[in-house]
Structure formats: C-alpha cells, structure tokens
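Student: I have this model open and I'd like a close look at one helix: what does each of its sides do? Once that's clear, please carry on from there into the rest of the fold.

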Amino acid sequence: MPDGILVRQPRRSEVVAGMRAVAPIAVAVLVFGASFGIIARDAGMGIAAPIVMSLTTFAGSAQFAVASVLDSGGAVVAAILAAVLLNLRYLAIGMSVAPSLRGGPVRRLAEAQLAVDESWAVSQREGRVDRDRLVGAGLILMTSWTAGTVAGVLGGSAIGDPADYGLDAMFPALFLALLAGQIDGRRSRVAAISGALIALTLTPLLPAGVPIVVAVGGAGLALAVPAASRRPEVAS
C-alpha cells in the first residue's frame with residue numbers, strides 16, 4: 001500500500017453489534033409488519049402494493065396511515081398527505097445521518113433507506129451516528145418488516161384481527177424503550193419532556209403527524225439549558 005493512503009476497513013464487528021442490539025425490537029417489528037399487511041389487504045391494496053411499499057417506503061407509521069385512510073374510504077391524495085406529514089421527522093434524522101454515510105449518491109441513498117427510528121436510536125455513539133451499526137440494525141429491521149408484511153398479506157386470514165392482540169399498545173411501548181436509552185443528561189431530559197408536552201397539547205388540535213414535527217421544538221428548548229458540568233478529578 002503506498003504511503004499516505006489510508007483504506008478504511010469495514011468494521012464488521014460494529015455491523016454485527018447493530019444487528020444484535022436491534023434483534024429484540026425486530027421481533028416486534030415483524031408483528032407490526034404482519035399487522036400492516038392485514039390492514040393493507042383489507043383496505044383493498046392487493047398483494048404486491050403493500051410489499052413494494054414496505055421495501056421502498058419502510059416507515060411503519062406512514063404506511064399504517066395510508067392503509068387506514070384508504071380503508072376508511074379516504075382519497076389517495078389524503079392518504080399520501082398523511083404519510084408525508086408523519087414522515088417529516090425524517091428530515092431531522094436524515095441531517096444527523098448524512099455525515100456518516102459513504103460513497104456515491106446511489107450507495108448513500110441505499111444506506112439512508114435503512115435509517116428508521118429504531119436503527120437511528122441504537123446507532124448513537126457520543127452524539128453521532130455510527131454508520132456500521134446503522135446498516136446492521138437497518139438490514140435486520142427491513143427484513144423483519146418486509147417479512148411481516150408478506151405474512152400479513154398472504155396469511156392474514158389465519159392471523160386474524162390485529163386489534164385482538166393489543167398491538168396498539170405495543171407502539172408507544174416500543175418508542176418509550178427507544179427513548180429511555182437516549183436520556184442520559186439534563187438537556188436530553190428537558191428535550192424529551194418538553195417534546196412530549198408539545199405533542200400531547202397539539203394532538204387534539206392539529207392533523208396527524210404535525211404535532212410530532214412541532215415537538216422537535218423541544219430540542220430547541222433544551223439548548224437553553226446549561227449542560228451539566230463535570231466534576232474535576234482529584235489526583236490522589
């Protein structure tokens with residue numbers, strides 16, 4: 001190797017670490033995917049469309065919104081608008097992930113597709129996104145979500161009604177579990193609490209998805225809080 005040229009070796013251990021970290025969540029994601037497949041089938045989306053949507057959109061809340069709007073007789077435009085509003089949070093996630101991605105536009109686009117709430121959460125390292133952990137976690141999650149969608153679309157009649165399994169309670173439980181791992185300081189606590197209060201206040205007043213976007217303002221409020229100072233170490 002010529003002097004002065006540094007080749008970055010792939011950190012397979014970090015990719016595997018991301019897979020392991022997200023494995024328990026992937027079980028729930030598989031169930032969520034099956035639930036979406038059933039709802040999408042009942043909404044008249046057919047077989048291929050829900051599966052393709054899971055591969056290309058890969059955003060559970062937005063996909064559920066589309067299926068729910070269509071199932072209730074809403075227009076396609078309304079379904080798309082609901083999905084876009086719910087996915088606006090990925091603007092902030094995308095900006096935090098972008099510096100960690102590598103390669104040309106196609107490769108960066110493919111890696112960015114793996115950035116969802118869960119993979120982003122488990123890939124955090126000292127305020128930055130670990131690209132290898134993100135990829136490892138994202139691959140497991142996409143596989144689980146798509147496999148669940150296929151199971152729901154093709155075997156929905158055998159699975160039954162998702163409401164019978166209490167899956168509506170699993171969503172908030174999953175996100176609370178993700179949040180718990182991110183609250184490690186004064187600013188993060190202020191951001192989490194203020195963001196939650198903003199979302200809860202605006203949910204009855206604004207369309208679905210908008211309160212989540214506005215709740216990002218909680219992070220702005222947290223910037224006004226001084227960071228906890230570290231106590232100086234005393235040499236023995």
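**One helix, two sides**

Tutor: Start on the outside: V76, V77 and I80 are exposed on one side of helix 4. Keep in mind that you're looking at a predicted model. Now turn to the other side of helix 4, which spans residues 76-86, and you'll find A79, A82, A83, L85 and L86 buried. Looking down the axis of helix 4, those buried residues fall within an arc of 165°, so they line one face of the helix. The general background is that an α-helix has 3.6 residues a turn, so residues three or four places apart point the same way.

Back to the outside for a moment. V76 and I80 belong to a nonpolar patch on the surface, together with V84, L88 and L91. Taken together, the five have about 450 Å² of accessible area. Helix 4 is the top contributor to the patch, giving three residues, and I80 is one that sits in helix 4. For scale, the chain as a whole exposes about 13600 Å², with carbon and sulfur atoms supplying 67% of that.

Next, the wider setting. Helix 4 is part of a chain with twelve helices and two strands. Reading from the N terminus, the order is α-α-α-α-α-α-α-β-β-α-α-α-α-α. Of the 236 residues, 37% are buried. Among contacts with a separation of 6 or more, 71% are between residues 24 or more positions apart.

For a good example of such long reach, go to the aromatics. With ring centres required to lie within 6.5 Å, the count is three aromatic pairs. In one of them, F36 and F64 have ring centres 5.9 Å apart and planes at 75°, so the pair is edge-to-face. That pair ties together distant parts of the chain: F36 is in helix 1 (residues 12-42) and F64 is in helix 3 (residues 60-71), 28 residues apart. F36 has 0% relative accessibility and F64 has 12%, so both count as buried.

F36 has another partner, too. The rings of F36 and W145 also have their centres 5.9 Å apart, but here the planes are at 20°, so this pair is stacked. It also links distant parts of the chain, from F36 in helix 1 to W145 in helix 8 (residues 131-159), 109 residues apart. W145 is buried, just as F36 is. Put the pairs together and F36, F64 and W145 form a cluster linked by ring pairs.

Two more residues deserve a click. F58 lies in the loop between helix 2 (48-56) and helix 3. Its phi is near 50°, a positive value in a residue other than glycine. As a rule, most residues other than glycine have a negative phi. F58 has a relative accessible area of 6%, and it counts as buried because that is under the 20% cut-off.

The other one is E111, in helix 6 (residues 105-112). Is E111 buried or exposed? With a relative accessible area of 6%, E111 is buried. Leaving out residues up to four places away in sequence, E111 touches L101, R102, R131, L134 and V135.

How values were computed:
Residues are numbered from 1 along each chain as its sequence is written. This is a predicted model: local features need pLDDT of at least 70, side-chain atom pairs count only at pLDDT 80 or more; totals for chains, interfaces and linings use all residues. Side-chain values use heavy atoms; hydrogens and water are left out. Buried means under 20% relative accessible area, exposed over 50%, partly exposed in between (1.4 Å probe, protein chains only). Helices (H or I, at least four residues) and strands (E, at least two) are DSSP runs, numbered from the N terminus. The arc is that of the directions from the helix axis to the C-beta atoms. Patches are made of residues with over 30% relative accessible area and no salt bridge: like charges are joined within 9 Å, nonpolar side chains (Val, Leu, Ile, Met, Phe, Trp, Tyr) within 5 Å. Accessible areas come from the Shrake-Rupley method with a 1.4 Å probe; for residues, only the protein chains shown count as cover. A salt bridge is a side-chain nitrogen of Lys or Arg within 4 Å of a carboxyl oxygen of Asp or Glu. Rings of Phe, Tyr and Trp (its six-membered ring) pair if their centres lie within 6.5 Å; planes under 30 degrees apart count as stacked, over 60 as edge-to-face and the rest as tilted. Contact means heavy atoms within 4.5 Å.
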